[in-house]
Amino acid sequence: MESKPSKPSMTCLADFEDHAYQILPRNALDYYRSGADHMQTLKDNRRAYQRYRISPKMLVDVSKRDLSTRIMGKRVEFPIGIAPTAMQRMAHPDGECASARAAQELGTIFIMSTLSTSSIEEVAQAAPQATKWFQLYIYKDREVTKKLVLRAEKAGFKALVLTVDAPYFGRRLADVRNQFELPSHLRMANFVGLGDLETKAGQSGGGSGINNYVASLFDQSLSWQDVAWLKSFSQLPIILKGILRADDALTGIQYGASAIIVSNHGARQLDGVLATIDVLSSIKEAVGDRCELYLDGGVTQGTDVLKALALGAKMVFLGRPVIWGLAHSGQSGVEQTLRLIKGELDSAMALSGCTTLKSVYQDLVICPKSLM
Ligand SMILES: Cc1cc2nc3c(=O)[nH]c(=O)nc-3n(C[C@H](O)[C@H](O)[C@H](O)COP(=O)(O)O)c2cc1C
Ligand SMILES: CCCCCCC(=O)C(=O)O
């Protein structure tokens, strides 16, 4: 008797999330999954996608499809990249190096967090061909910040992603309850030998080591002038991450931002802000074609991506889903995650009459009044 081929165990991104919930230590799992305060926005980031529905076009020849695009002038195989998430070695020993390699393998973008558990140079060496962007937090110590930027530039990173929504950190209640500390075998790899910058995340101070770290070391006086400061010594294009309003997007362009990531930091900062998909079209309307717009937050399936593209994003980024893939099986798990959602987008495009990303128009998505 012929035996049946074995069942695929991972069929969608939620399967990886379920798996991660079973295997990750509590301290790490809570850190990764939490939103701020009572997590109203965390739920809304995902739920909001259900308020938008697709209005597909029929009898279009969809036998050939192309998901590739150009982002900041560079070819990307499909419009789904990896958002910066800190401390990835808590999910898998290969951490950020594995995620960057997965991005390289699939031809998409990897954004590396300032607060990585692998260094800029380690990631650059692990994935030399990947398109890598460096996410920047600005420290009170501006010399440290400047050195970090110059290291990223030297190591071949192609853009700076300046996070603008985190002068302080939101209160993630589980991290406070767990008295979160970076496990002692890991390090803030970009700051080795720099005292508190390396070690402070390993000190909870009786609360969350994260808030402790940020409140004492990040520059709370950050303002628009600092975009000009960055441009004064770095050649890299600047992408603002964490914009939620059209007027801020326009100001960002005036100060020289090359692109904007519409983001609420995965609902980890100010609880009660709008879901990112809900603010996207108003920002797109204001900025038009003056800069590229990307989005993150709550994207977990191909139809979410299709909706974001139709409403004005050129690319979306995944935060937690990549962590769940990493926790499953390192580079391979991240690759599987990206392939799954890419396949879902491809299928959603085929079934809605789109053969290229350019053919994904705004009228493909509607928000019926009954669902508002
Ligand atoms: C565990 C975790 C760590 C994060 N670390 C950073 C970071 O270091 N820098 C940053 O700008 N954003 C950080 N973010 C926010 C993500 O870049 C992104 O905005 C968010 O995760 C997108 O939402 P999603 O997780 O629903 O995909 C983090 C998010 C999570 C969940
Ligand atoms: C002590 C390390 C703090 C890491 C914070 C990274 C981040 O942005 C997050 O949302 O978490």
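Two residues are taken to be in contact when their C-beta atoms, placed from the backbone, lie within 7 Å. By that yardstick, in this predicted model, Ile 366 touches Arg 53 and Ser 55, leaving aside residues up to four places away in sequence. The residue sits in strand E12, which covers residues 365–366. Its link to the other end of the chain also shows in the backbone: the C-alpha atoms of Ile 366 and Ile 54 are 6.4 Å apart, although 312 residues separate the two in sequence. As for burial, Ile 366 has 14 C-beta neighbours inside 10 Å and so counts as partly exposed.

Stepping back to the whole chain, there are 14 helices and twelve strands. The radius of gyration is 20 Å, close to the 21 Å that the globule rule gives for 372 residues, so the chain is as compact as a globular protein of that length. Along its principal axes, the C-alpha trace spans about 65 × 60 × 40 Å. Buried residues make up 49% of the 372. Contacts with a separation of 6 or more come mainly from far along the sequence, with 73% of them joining residues 24 or more positions apart.

Helix H14 (residues 320–351) is worth a look, and helix H13 (residues 302–310) is one of its partners: the two pack at an angle of about 60°, with their axes 7 Å apart. H13 and H14 are therefore oblique to each other, and their crossing is right-handed. On the H13 side, the contact is made by Gly 302, Thr 303, Val 305 and Leu 306, while H14 brings in Ile 341, Glu 344, Leu 345, Ser 347, Ala 348 and Met 349. Sorted by character, the residues of this contact are six nonpolar, three polar and one charged.

H13 itself is mostly covered, with nine of its nine residues buried. Among them are Asp 304 and Lys 307, as well as Leu 309 and Ala 310. After H13 comes Gly 312, whose phi is positive, near 125°.

H14 also packs against helix H1 (residues 13–23), this time at an angle of about 180° and with the axes 10 Å apart. H1 and H14 are therefore roughly antiparallel to each other. H1 puts Leu 13, Phe 16, Glu 17, His 19, Ala 20 and Ile 23 into the contact, and the residues from H14 include Pro 321, Trp 324, His 328, Thr 337 and Leu 340. This contact divides into nine nonpolar residues, five polar and one charged. Ile 341 of H14 turns up here and also in the contact with H13. Spacings of three or four along a helix are easy to read, since an α-helix has 3.6 residues a turn, so residues three or four places apart point the same way.

Two loop residues have unusual backbone signs to report. Met 87 has a positive phi, near 55°, despite being a residue other than glycine. Its loop runs between strand E4 (80–82) and helix H4 (95–106). With 25 other C-beta atoms within 10 Å, Met 87 is buried. Gln 179, likewise not a glycine, has a positive phi of about 50°. This residue lies in the loop between helix H7 (173–178) and helix H8 (196–199). Gln 179 has 15 other C-beta atoms within 10 Å and is partly exposed.

Conventions:
Residues numbered from 1 in each chain as written. Chains lettered and ligands numbered in written order. Predicted model: local features only at pLDDT ≥ 70, side-chain atom pairs only at ≥ 80, totals over all residues. Helix = DSSP H or I, 4+ residues; strand = E, 2+ residues; numbered from the N terminus. Rg over C-alpha atoms; globule rule 2.2 N^0.38 Å. Buried ≥ 20, exposed ≤ 12 C-beta atoms within 10 Å, placed from the backbone. Axes fitted to C-alpha atoms, helices over the stretch in contact; angles between N-to-C directions. Parallel < 35°, antiparallel > 145°, perpendicular 65-115°, else oblique. Left-handed = near helix turned anticlockwise from the far one by under 90°. Nonpolar A, V, L, I, M, F, W, Y, C, P; charged D, E, K, R; others polar.
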